[in-house]
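Please look through the structure shown here, and then read the notes that follow. They go from a helix and its surroundings to a small sheet and a surface patch.

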Amino acid sequence: MCAHRAGYKKIGDYMKVKGIILAAGKGTRMKSDTPKVLHKAAGRTMVEWAVNSASSVDSRPTVVVGHSKEMVMEILDGRADFVFQQEQKGTGHAVIIAKDHIKGSDYTVITYGDMILLKKESIEKLVYLTIENNLDAAVLTAFADDPTGLGRIINDAEGYVEKIVEHRDATQEQLKINEINTGVFCFKSEVLLNALGKIGCDNSQGEYYLTDTVEIINKAGGKIKSAHCDALEALGTNDRAQLALSAKELRRRINNEHMINGVTLIDPENTYIDADVKIANDTIIYPGCVIEGKTQIDSNCVIY
């Protein structure tokens with residue numbers, strides 16, 4: 001289930017990890033009849049990118065669907081299981097709906113259908129941190145140059161996560177912190193299920209927040225730490241401008257991988273290659289090419 005790391009067994013060899021992907025939002029800021037997570041970047045829908053990342057720890061993750069659920073389920077047919085969130089009442093509520101899929105697993109990873117830059121390696125690092133340190137939970141964090149509007153990570157003197165404070169609730173001192181919450185968690189499944197039963201919706205939005213589990217776990221004497229990822233990976237994709245930025249980074253990664261594998265790109269910044277394209281070594285591709293879908297190119301070709 002998880003890519004092999006030197007000196008470690010694969011996670012799936014000794015632990016059962018359940019991946020939960022939250023993808024029920026309408027995405028009104030996309031201003032589209034198409035559900036947000038079905039908009040494409042570099043040849044894949046957003047939710048396909050999310051499933052691909054989560055597959056490193058769970059070969060068949062559970063996707064929480066809502067708006068236009070049939071369309072999402074059709075795209076992911078055979079690659080995921082599904083639960084339906086009819087009324088969106090927060091991230092905690094979405095995970096509560098999926099609790100039957102969590103039961104029986106050792107650990108649970110929570111990710112999001114619009115975090116298309118999140119790398120498999122970052123999810124694996126988060127899970128390994130949790131298992132190797134016998135933590136009750138771990139949160140993926142990033143360091144932002146401008147953390148305005150983002151939840152801050154508050155650590156205690158021993159380096160454990162004490163709480164997550166939303167920007168609007170932060171003190172002036174807390175606002176100086178630039179370590180931010182990505183929303184991606186790994187929990188001991190038993191601990192998560194217990195905490196989900198204790199979160200409430202007594203807040204300005206009337207929603208159940210997954211972040212409330214941090215305080216609940218700490219009050220019970222649990223231990224939570226953070227694993228870090230690049231700030232780019234923490235980006236959600238809420239509108240078409242953000243989609244374009246995310247797609248640009250995905251194409252950069254795709255192009256870089258092809259070049260490492262022996263393909264010459266004369267001008268990588270002006271070469272557009274989809275994620276599922278296969279190109280053999282010693283092929284040369286000139287700028288301005290757009291190569292889409294499941295195209296396959298043999299070795300020693302020149303593409304103008």
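**Helix 8 and its cover**

The buried residues of helix 8 are covered by elements that include strand 7 (137-143), strand 9 (161-165), strand 10 (179-188), helix 7 (189-196) and strand 11 (224-228). The model is a predicted one. Helix 8 spans residues 212-219, and its buried residues are Thr 213, Val 214, Ile 216 and Ile 217. These residues lie on the same side of helix 8, because the arc they cover around the axis is only 170°. The general background is that an α-helix has 3.6 residues a turn, so residues three or four places apart point the same way. After helix 8 comes Gly 221, with a positive phi near 85°.

Next, the small sheet. Three strands form an open sheet in the order 12-15-18, and their pairing is parallel. Strand 12 (264-265) and strand 18 (302-303) are the edge strands, each pairing on one side only. Strand 15, residues 284-285, runs parallel to strand 18 and is joined to strand 18 by two bridges. Across this pairing, Ile 285 of the chain stands opposite Ile 303 in strand 18.

Which residues make the nonpolar surface patch of about 430 Å²? The patch is made by Ile 266, Tyr 286, Val 302 and Tyr 304. Of these, Val 302 lies in strand 18, which is an edge strand of the sheet. Val 302 counts as partly exposed because its relative accessibility is 43%, and the partly exposed class runs between the limits of 20% and 50%.

Key:
Residues are numbered from 1 along each chain as its sequence is written. This is a predicted model: local features need pLDDT of at least 70, side-chain atom pairs count only at pLDDT 80 or more; totals for chains, interfaces and linings use all residues. Side-chain values use heavy atoms; hydrogens and water are left out. Two strands pair if DSSP finds at least two bridges between them. Helices (H or I, at least four residues) and strands (E, at least two) are DSSP runs, numbered from the N terminus. Patches are made of residues with over 30% relative accessible area and no salt bridge: like charges are joined within 9 Å, nonpolar side chains (Val, Leu, Ile, Met, Phe, Trp, Tyr) within 5 Å. Accessible areas come from the Shrake-Rupley method with a 1.4 Å probe; for residues, only the protein chains shown count as cover. A salt bridge is a side-chain nitrogen of Lys or Arg within 4 Å of a carboxyl oxygen of Asp or Glu. Buried means under 20% relative accessible area, exposed over 50%, partly exposed in between (1.4 Å probe, protein chains only). The arc is that of the directions from the helix axis to the C-beta atoms. Contact means heavy atoms within 4.5 Å.
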